Amino acid sequence: MHAKAEEVTRAGVVWVAVSAGLVILVLLIIFILQNQERVTVDYLGAAGELSLGMALFIAAVAGGLLVAIAGAARILQLRSQRRHPKRDSSEPGTPGQEPVSR
């Protein structure tokens, strides 16, 4: 007798993702709290002072945003290519070629 295989549901996947996100969030909060030394940050002529943990967190979020923007642009490009596939130049009726008469 074999145990019945558990079915994976969307709710289960969401629950695991939220749980993992909460663990990562707790670890991030601990990191920020342990790195409270004040540092001066210069960026494009502007200067400001904030905690080291917060400066690294902001840098990580900015990097994540850049990756998300690049990924979104690629997804849009692939969707556009899927909607409007390039025609094969060997097909009859392609611009620049005369139709084949049979």
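## Strand pairing and the hairpin

V39 has L50, a residue of β2, as its bridge partner. In this predicted model, β1 and strand β2 (residues 46–51) run antiparallel to one another and are paired over six bridges. Two residues separate the strands of the hairpin that β1 and β2 form. Within this hairpin, L44 adopts a positive phi near 50 degrees.

## The salt bridge

How many salt bridges does a search of the whole structure find? The search returns one. It joins the side chains of R38 and E49, with an N to O distance of 3.9 Å. Since R38 belongs to strand β1 and E49 to strand β2, the pair ties together parts that are 11 residues apart in sequence.

## The largest pocket

Rolling a probe the size of a water molecule over the atoms shows where empty space is left. The largest pocket holds about 160 Å³ of space. Its lining is formed by V41, Y43, L50, A55 and I58. L50, already described as the bridge partner of V39, is thus also one of the lining residues.

Which elements each supply at least two residues of this lining? They are β1 (38–43) and α2 (52–83). In character, the lining comprises five nonpolar residues, with no polar and no charged residues.

## A nonpolar surface patch

On the surface, V14, V18, L22, L25, I29 and L33 make a nonpolar patch of about 560 Å². One of these residues, L22, is located in helix α1, which spans residues 10–34.

Note on methods
Residues are numbered from 1 along each chain as its sequence is written. This is a predicted model: local features need pLDDT of at least 70, side-chain atom pairs count only at pLDDT 80 or more; totals for chains, interfaces and linings use all residues. Side-chain values use heavy atoms; hydrogens and water are left out. On a 1 Å grid over the protein atoms alone, a cavity is a set of points where a 1.4 Å probe fits but cannot get out, and a pocket is an open set with protein on both sides within 12 Å along at least five of seven lines; lining residues have an atom within 4 Å of a point. Grid points are joined across faces, edges and corners, and a volume is the space filled by probe spheres set on the points. Helices (H or I, at least four residues) and strands (E, at least two) are DSSP runs, numbered from the N terminus. Ala, Val, Leu, Ile, Met, Phe, Trp, Tyr, Cys and Pro count as nonpolar, Asp, Glu, Lys and Arg as charged, and the others, Gly among them, as polar. Patches are made of residues with over 30% relative accessible area and no salt bridge: like charges are joined within 9 Å, nonpolar side chains (Val, Leu, Ile, Met, Phe, Trp, Tyr) within 5 Å. Accessible areas come from the Shrake-Rupley method with a 1.4 Å probe; for residues, only the protein chains shown count as cover. A salt bridge is a side-chain nitrogen of Lys or Arg within 4 Å of a carboxyl oxygen of Asp or Glu. Two strands pair if DSSP finds at least two bridges between them.
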